Amino acid sequence: MTAPTAARVAVIGGGPGGLYAAALLKRLRPEREITVWERGEPQTTFGFGVVLSDETLGGIENADPVVYQALRREFVRWDAIDVVRGGQVRTCGGHGFAALGRQRLLEILHQRCRSLGIRLRERTTAPPAAELARHHDLVIAADGVHSTTRSAHADVFQPHLTTHHCRYIWLAADFAFDAFRFEIAETEHGVLQLHGYPYAHALPPSGIPDGPPRAKTPAEAWAEARSPEARAGTRAEARTEVRAEARAGTRAGASTVIVEAREEVWRAAGLDRCDERESAHKCAKLFAAALDGRPLRSNASTWTAFRTVVNERWSHGRIVLLGDAAHTAHFSIGSGTKLAVEDALALAACLEEQPTVAAALAAYEAERRPVVASTQRAARASLDWFENLADYLGQPTGQFAFNLLTRSRRVTHDNLRLRDPNFVTAVEREAKLPPDTPPMFASLRLRDLTLRNRVVVSPMDMYSAIDGAPGDFHLVHLGGRALGGAGLVMTEMVCVSPTGRITPGCAGLYAAEHESAWRRITEFAHAASPGVALGVQLGHSGRKGSTRPMWEGIDEPLPDGNWPLVAPSPLPYRPGVNQVPQALDAAGLTEIREQFVRAAQRAARAGFDLLELHCAHGYLLSGFLSPLTNHRTDSYGGELPGRLRYPLEVFDAVRAVWPANAPMTVRISATDWADGGTTADDAVAIAAAFAAHGADAIDVSTGQVVAHETPEVGRSYQTPFADRIRNELGLPVIAVGAISSWDDVNSLLLAGRADLCALARPHLYDPHWTLHAAAEQGYSGPGAPWPVQYRAGSRRPPTGRTGDPRPRLTLSGPTPGAGRD
């Protein structure tokens with residue numbers, strides 16, 4: 001056997017992540033010297049239950065069958081989620097959970113470590129990581145969310161800690177819930193929520209345990225989850241039996257109970273003044289129905305605010321962060337233990353695969369960082385949902401439950417239909433969708449315009465106009481998307497003047513020839529694809545004008561032929577790169593407002609069905625809205641009402657000449673993604689102001705206002721801003737931003753987070769994206785009519801199959817120390 005990478009290993013922290021990492025490394029290389037330091041008592045823990053996914057269990061099974069078999073004997077498994085609000089219960093099955101007590105998990109891992117010959121230094125504070133690194137090849141800092149190692153080397157790890165708006169407490173009930181339970185308590189002080197799940201087996205009515213049932217393997221659990229119809233009868237019988245035991249007083253087992261509330265609700269309810277015992281008592285009263293009147297118990301339980309931990313680096317020399325020391329993810333999407341165990345699996349594998357510790361730590365971080373970042377995005381979406389839960393209380397019960405289940409954007413409409421088709425069908429029926437109609441193919445009425453479906457081809461600059469006039473390229477581009485089935489096809493930003501263009505290739509509506517060129521396009525689209533709506537987006541580039549086409553250098557100034565720029569304030573987009581714009585005076589404001597009016601009149605005559613005013617992305621009207629770009633001291637600057645004044649004046653002037661029966665929308669940047677800029681709170685106020693002036697929907701985008709923005713990019717990353725505006729103000733919204741699949745669209749719509757979904761890049765990849773989405777879902781109704789010329793291609797072609805990925809870490813041969821377990 002070759003000499004092991006990391007022959008001497010120190011582990012700081014005796015939680016599940018540290019213990020499991022130690023066990024894996026010793027199992028891989030029995031000659032390793034491994035020491036674990038834990039400053040607390042053995043098996044001391046401040047939580048109760050731990051939930052692990054089938055994916056994580058599969059990794060454990062492949063890496064260490066001894067640990068896996070020990071866990072199997074302990075697991076409580078269930079597949080249902082109950083969402084309870086106002087006494088009404090909505091149940092969704094097919095999810096597949098496995099949980100066990102955190103203390104029992106620690107016992108199993110302690111036993112495994114001892115059997116392998118790992119030294120456990122309990123009740124002992126570890127020496128500083130830097131000191132350990134002088135005598136060890138590897139130091140694993142698994143010392144939790146309050147990591148002293150991370151703090152001691154903050155200059156290297158560069159941690160970012162974000163404290164959130166809810167307070168929560170971990171408690172336990174001495175009986176087993178028969179589902180993962182989310183329950184809402186609406187009180188005079190505000191909304192509180194309960195998250196509960198079983199982690200210890202219930203006893204049969206005799207009170208004598210029969211022994212835990214054989215736990216399903218991950219493959220068995222997944223197969224069962226894929227067949228909800230076959231499972232429905234046994235699930236109902238089991239739930240009936242457990243509830244009967246509860247009424248008879250013979251129900252046993254244990255459940256984790258987390259109670260959570262926004263900070264202001266927590267204080268108003270007096271929970272900030274309660275000690276541990278009083279907190280458990282008050283929470284039991286708040287959720288007496290869920291608990292069948294039983295008490296809650298605590299274990300050094302305190303109210304705390306969740307902190308998200310992000311580190312710029314995970315390693316420093318021989319020191320590496322693992323688990324909560326490196327990253328945290330909100331408990332509402334799963335267990336931090338799950339992430340720590342997966343970290344341990346990846347770290348052990350990388351140490352086997354790489355020739356040096358340094359290379360292994362680099363490979364470990366490269367492998368885990370994108371996975372963790374994705375999990376943290378999902379966790380943040382879930383956390384935000386629960387923080388703003390009160391916004392959704394007006395939703396019907398079924399939609400509320402669907403919204404909760406899809407809050408992280410990882411569980412989707414199609415995924416839920418696979419797990420529990422009856423649940424999804426009931427929600428769709430409650431939403432009054434026509435039978436066998438996916439949410440994306442429901443119609444929507446805005447004033448006198450009825451959109452045939454909820455799909456929008458998002459505005460996309462093509463930089464292909466000649467002196468502002470759209471040509472054959474635009475006819476093919478927009479005409480092709482109109483034939484592709486979308487309900488609404490938007491133009492790119494159409495500029496209201498030559499000097500309001502972004503690039504020389506930008507389209508306009510400031511000349512008579514532009515009007516006739518656009519009419520040619522709208523007439524073709526309406527004739528070739530009856531029922532499609534064409535929307536025009538009007539805008540002015542402001543300080544972001546006079547630049548090259550995107551493919552020649554985005555936001556780069558023209559090499560020659562530049563035109564002067566105007567803006568609210570004389571602030572260049574990029575100092576030293578883009579030109580300094582002239583601050584608009586009263587005459588300039590009046591002239592540009594009239595340019596918008598004339599462009600709107602031409603748009604109406606050109607045959608457009610909808611007009612959108614572009615107040616986003618740092619262009620002229622957006623420049624007035626953001627405090628980062630509007631430094632004016634007159635009535636058009638200052639606080640938000642002043643910054644809104646000019647965009648609202650333009651909107652009113654355009655609305656006055658746009659046909660009264662035709663809708664107008666407004667695109668806004670809901671955040672600047674920069675300190676001191678527009679916030680989500682500002683976005684709500686901006687949306688409310690435009691709605692009060694007659695906007696029929698708000699198109700909610702983000703960013704592109706300042707060059708130094710730091711957006712949190714990810715799947716559907718902008719949709720939470722639309723969600724908030726819709727559900728806080730009751731306004732129709734268009735959601736945009738990395739929405740890429742029809743499943744995402746259906747999920748957003750049925751959850752009530754959006755009324756329309758705008759997609760850009762998917763429509764560049766596939767002009768017939770909407771029709772193909774209909775074919776893939778087996779839908780052939782009025783929401784997605786195929787042009788007669790294309791009907792022969794309306795059936796989805798057959799596709800091939802691919803194999804499942806191989807496990808990340810598989811060990812073969814004898815199991816060292818197995819006989820001593």
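Helix axes here are lines fitted to C-alpha atoms over the stretch in contact, with angles taken between N-to-C directions. Keep that in mind as you click around this predicted model.

**Stop one: α19 and α21**

Select residues 586-605 for α19 and residues 640-657 for α21; their axes come within 9 Å and cross at roughly 35°. Turn the view until one helix sits in front of the other, and you'll be looking at a right-handed crossing. Now show side chains. On the α19 side, pick Leu589, Ile592, Arg593, Phe596, Val597, Ala600 and Gln601. Facing them from α21 are Tyr646, Glu649, Val650, Ala653, Val654 and Val657. Colour this contact by class and you get 10 nonpolar, 1 polar and 2 charged residues.

**Stop two: α1 and α4**

Head back towards the N terminus and select α1 (residues 16-28) together with α4 (residues 102-115). The two axes come within 9 Å and cross at roughly 25°, so α1 runs roughly parallel to α4. The crossing is left-handed this time. From α1, bring up Pro16, Leu19, Tyr20, Ala22, Ala23 and Arg27. They meet a set in α4 made up of Arg102, Leu105, Leu106, Leu109, His110, Arg112 and Cys113. By class, that contact comes to 9 nonpolar, 1 polar and 3 charged residues.

**Stop three: α22 and α23**

Next, select residues 680-692 (α22) and residues 719-729 (α23). Here the axes come within 10 Å, with a crossing of roughly 55°, and the helices are therefore oblique to each other. Check the handedness while you're there: α22 and α23 make a right-handed crossing. Which residues of α22 meet α23? Light up Ala680, Asp681, Ala683, Val684, Ala687 and Ala688. Their partners in α23 are Phe721, Arg724, Ile725, Glu728 and Leu729. The class count for this contact is 8 nonpolar and 3 charged residues, with no polar ones.

**Last stop: the cavities**

Time to leave the helix pairs and look for empty space. How many cavities of 30 Å³ or more does the structure hold? There are 4, and the largest takes in about 70 Å³ of space. To find the largest cavity, select its lining: Thr406, Arg409, Val411 and Thr412, then Arg715, Ser716, Asp744, Ser747, Leu748 and Arg753. What classes do the residues of this lining divide into? You'll see 2 nonpolar, 4 polar and 4 charged residues. Val411 and Leu748 are the nonpolar pair to pick out of that selection, while Asp744 is one of the charged residues.

Note on methods: Residues are numbered from 1 along each chain as its sequence is written. This is a predicted model: local features need pLDDT of at least 70, side-chain atom pairs count only at pLDDT 80 or more; totals for chains, interfaces and linings use all residues. Side-chain values use heavy atoms; hydrogens and water are left out. Axes are lines fitted to C-alpha atoms, for helices over the stretch in contact, and angles run from 0 to 180 degrees between N-to-C directions. Helices (H or I, at least four residues) and strands (E, at least two) are DSSP runs, numbered from the N terminus. Angles under 35 degrees count as roughly parallel, over 145 as roughly antiparallel, 65 to 115 as roughly perpendicular and the rest as oblique. A crossing is left-handed if the near helix is turned anticlockwise from the far one by less than a right angle, and right-handed if clockwise. Contact means heavy atoms within 4.5 Å. On a 1 Å grid over the protein atoms alone, a cavity is a set of points where a 1.4 Å probe fits but cannot get out, and a pocket is an open set with protein on both sides within 12 Å along at least five of seven lines; lining residues have an atom within 4 Å of a point. Grid points are joined across faces, edges and corners, and a volume is the space filled by probe spheres set on the points.
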